[in-house]
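Colleague: Could you walk me through one part of this model slowly, as if I'd never read a structure before? I'd like to see how the pieces sit next to each other.

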Amino acid sequence: MRSVYELSGVCKDFFTGSRTVRAVSDTDLLIPDGEWIAVRGRTGHGKSTLLNLLGALDRPTAGRLLLDGRDLARLGDAQLTRVRATDIGFIFQTFNLVPTLSAAENVEAALVPLGVRQAERRRRVAAALDSVGLADRARHLPAELSGGQQQRVAIARALVKEPKVLLADEPTGNLDEDTRDEIVGLMEKLWRERGLTLVLVSHDSAVVRRAQRVGVMSRGRISFKT
Amino acid sequence: MFFFTYLARELRRRMRQAIFIALGLAVGVGLVITVTAASAGVRNAQAGVLKGLYGVGTDITVTKPPPAFNPASGGGPGPAGSGTRVTLGPGGAEVCTNNKCTHGAQSLDTLSGDASSPLSAATVGSIGRLHGVAAAAGGLSLTDRQLTIPANLGQPGSSLPQPVSFTVQGTDIATAARLGPLSDATLASGREFTAADADKDVAVVDKNYAIATNLTVGKTITVAKTKFTIIGLVAQPQGSTPPDVYIPLARAQALGTSTGNALTGQVNTIYVTAASASDIPAVQQEIARLLPTVTVTTPSSLASQITGSLSSTAKLAGDLGTWLSILVLIAAFAVAVLLTMAAVSRRVREFGTLKALGWRGRRIVAQVMGESMAMGLLGAAAGVGLGFAGAAIINAIAPDLTAILTQPTGEHIVTPAGSSNPTVSHAVAVPLSASVSAAAIAAAVLLAIAGGLLAGAFGSWRISRLRPADALSKVG
């Protein structure tokens with residue numbers, strides 16, 4: 001199967017004064033198209049840094065990181081921005097919705113950089129909200145929605161641009177168990193329906209166990225149980 | 001569309017801060033407009049005073065200082081002016097004019113211009129031909145002094161006679177409408193001078209002087225023992241110090257004297273109009289080069305001679321007002337910048353998320369700049385309102401200002417303690433009318449927008465340096 005991501009010898013260092021901290025160390029990884037991979041590990045062992053690298057939010061210090069054949073380590077800022085706008089959907093632990101915008105406007109924000117015309121934007125936003133069961137909450141502000149509903153809006157925002165990859169960083173970390181199951185169920189459904197490649201970082205074994213493959217980050221290296 | 005939706009929502013969310021920033025800018029802008037309006041009012045008041053002195057079309061006046069007083073050359077400090085001496089003795093009063101002495105009751109009436117020396121009328125043509133001069137006209141600024149001396153003056157029981165004087169302007173009728181003191185006057189009754197009046201004994205009288213002395217059109221006024229028929233009354237703008245009586249220049253030259261000498265073919269003030277305002281300094285220099293002994297006065301040099309509350313207010317508006325405006329604007333800009341930067345700091349997660357969604361840095365910068373500019377525009381709108389209110393308050397409560405112009409009389413007084421050249425001060429009440437100009441409004445609006453943009457620029461600088469991974473990692 002074709003790989004969406006190909007990582008070879010990827011390192012990420014952070015420089016704090018005279019100290020250098022290696023957050024991701026010499027990582028090789030292939031993620032096939034349409035796979036759901038979960039990453040777990042202790043805090044500070046590089047899970048989020050790896051996710052940032054996969055999401056074109058940061059560049060590796062060394063190594064090669066290919067997304068659909070493009071080496072993200074060599075792309076300029078504008079090109080990375082374009083990759084994020086078209087190919088990658090993000091879901092965050094704290095939802096990260098813009099508090100002044102309604103649910104529909106938050107979803108629409110993901111289409112703004114793509115230059116989609118307004119009528120088309122409205123159609124796609126309505127469809128995205130419908131797909132997460134929030135068609136009737138389109139005009140609500142984030143503060144008027146429950147945590148689960150806010151995360152649904154965030155999922156709709158991530159999917160409205162029809163990305164190749166969905167990256168989720170502790171997407172259920174701020175939710176109770178019932179809502180967690182509901183959100184994970186929704187993500188699984190959308191993953192299956194849309195043939196997405198899903199990379200999910202979580203501490204929660206109930207979430208992780210639903211993935212096809214589970215990697216463990218330790219001291220900046222990822223390893224998989226065979 | 002999304003841009004404006006997002007902008008409006010953000011302003012609504014931070015309404016208190018937006019209002020605070022807008023108000024800060026508004027106070028600065030309002031102060032700038034008010035100070036500018038007050039300064040314009042003071043400038044207009046000064047221009048009114050100067051215009052009243054020399055007429056609406058005059059840019060430059062040329063006069064020649066009176067000669068230094070020489071006691072040996074004669075001429076005493078008599079009440080009737082230079083060349084005439086009144087001596088009280090046991091036999092009554094003795095009046096000597098140009099060494100001709102008479103005794104007993106008599107009426108003195110002299111028309112003289114001793115405040116400045118005469119210039120040849122040909123000088124007017126020379127100045128008129130200078131580069132940058134649009135027009136030049138000569139005039140005679142004179143004073144008519146009348147004194148009735150009773151036969152028993154100096155005897156027991158007699159009282160000192162009260163001299164009567166009024167100012168007389170010898171007017172070049174050909175140019176009177178556009179140059180010189182009569183150019184700014186409006187006809188109140190009767191008629192203006194015509195070319196046919198050039199050699200006639202006709203006079204135009206200032207309306208205020210006419211009211212004070214009960215003169216009307218058709219009556220006569222005596223100037224240098226000659227009866228002039230009043231053909232018209234004119235009104236000069238408020239705040240001016242116009243001559244009392246205008247007579248044809250040729251008649252003034254025929255009747256007037258200066259330090260006892262006739263003024264035939266002479267003028268003592270030349271009124272000059274420059275081709276443009278920018279030509280005034282060059283024309284001033286050319287005249288000074290052509291006539292090294294004359295005094296060349298421009299509106300700016302004359303303005304510096306004005307004292308009184310008008311001068312104080314001009315200084316206040318110019319110095320304190322300007323600095324206060326600058327300080328308030330700096331404070332408003334600083335507050336706007338600090339609050340915008342604080343707001344950007346609070347929105348780091350939001351901007352990081354937008355970058356993760358694929359928003360370009362410059363789109364986010366534009367969003368922040370747009371919000372700042374909207375606050376600037378709000379501040380400008382409120383500031384313009386405050387500026388108008390400030391100008392209205394000034395107009396409502398400001399008392400009339402007083403312009404004091406001090407000029408030499410041309411007389412010399414000799415006492416045992418020494419000699420002196422007395423001066424006369426004209427105090428003119430000038431209403432202060434602060435007016436807001438379109439240019440001031442435009443400048444103030446630009447200032448407010450600049451303030452908003454400056455605040456936005458500092459916030460944007462912060463955003464442009466924001467790496468998405470760092471922004472999101474700060475969320476925790």
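Modeller: Sure, let's go through chain A, starting with its sheet, moving on to a pair of helices and ending where the chain touches its neighbour.

A bit of housekeeping. Residues are numbered from 1 along each chain as its sequence is written, while chains are lettered from A and ligands numbered from 1 in the order in which they are written. What you're looking at is a predicted model, where local features need pLDDT of at least 70, side-chain atom pairs count only at pLDDT 80 or more, and totals for chains, interfaces and linings use all residues.

Now the sheet. In chain A, 4 strands form an open sheet in the order β2-β1-β4-β5, with antiparallel pairing. The names come from DSSP runs numbered from the N terminus: helices are H or I runs of at least four residues, and strands are E runs of at least two. Two strands pair if DSSP finds at least two bridges between them. At the edges you'll find β2 and β5 (70–71) of chain A, each with a single partner strand, so one side of each has no neighbour in the sheet.

Start with β1(A), residues 3–16, and β2(A), residues 19–32. These strands run antiparallel and are joined by 10 bridges. To follow the pairing, find Glu6(A), whose bridge partner in β2(A) is Leu30(A), and then Leu7(A), which faces Leu29(A) of β2(A). The hairpin of β1(A) and β2(A) has 2 residues between the strands, and there Gly17(A) takes a positive phi near 65 degrees.

β1(A) also pairs with β4(A), residues 62–67, again in the antiparallel sense, over 5 bridges. Here, Ser8(A) has Arg64(A) of β4(A) as its bridge partner.

Next, the helices. α5(A), residues 147–159, packs against α6(A), residues 177–194, at an angle of about 15 degrees, with the axes 10 Å apart. Axes are lines fitted to C-alpha atoms, for helices over the stretch in contact, and the angles, from 0 to 180 degrees, are taken between N-to-C directions. Angles under 35 degrees count as roughly parallel, over 145 as roughly antiparallel, 65 to 115 as roughly perpendicular and the rest as oblique. That's why α5(A) and α6(A) are called roughly parallel to each other.

Which residues meet there? From α5(A), they include Gln151(A), Ile155(A) and Leu159(A), and from α6(A), Ile183(A), Leu186(A) and Leu190(A) are among them. Sorted by class, the contact of α5(A) with α6(A) has 6 nonpolar, 4 polar and 2 charged residues. The classes work like this: Ala, Val, Leu, Ile, Met, Phe, Trp, Tyr, Cys and Pro are nonpolar, Asp, Glu, Lys and Arg are charged, and the others, Gly among them, are polar.

Finally, the neighbour. Between the chains, the contact takes 21 residues from chain A and 20 residues from chain B. Two residues are in contact if their C-beta atoms, placed from the backbone, lie within 7 Å. On the side of chain A that touches chain B, α2(A) (77–87) and α3(A) (103–109) each supply at least two residues, and α2(A) gives the most, with 4 residues. That side of chain A divides into 9 nonpolar, 7 polar and 5 charged residues.
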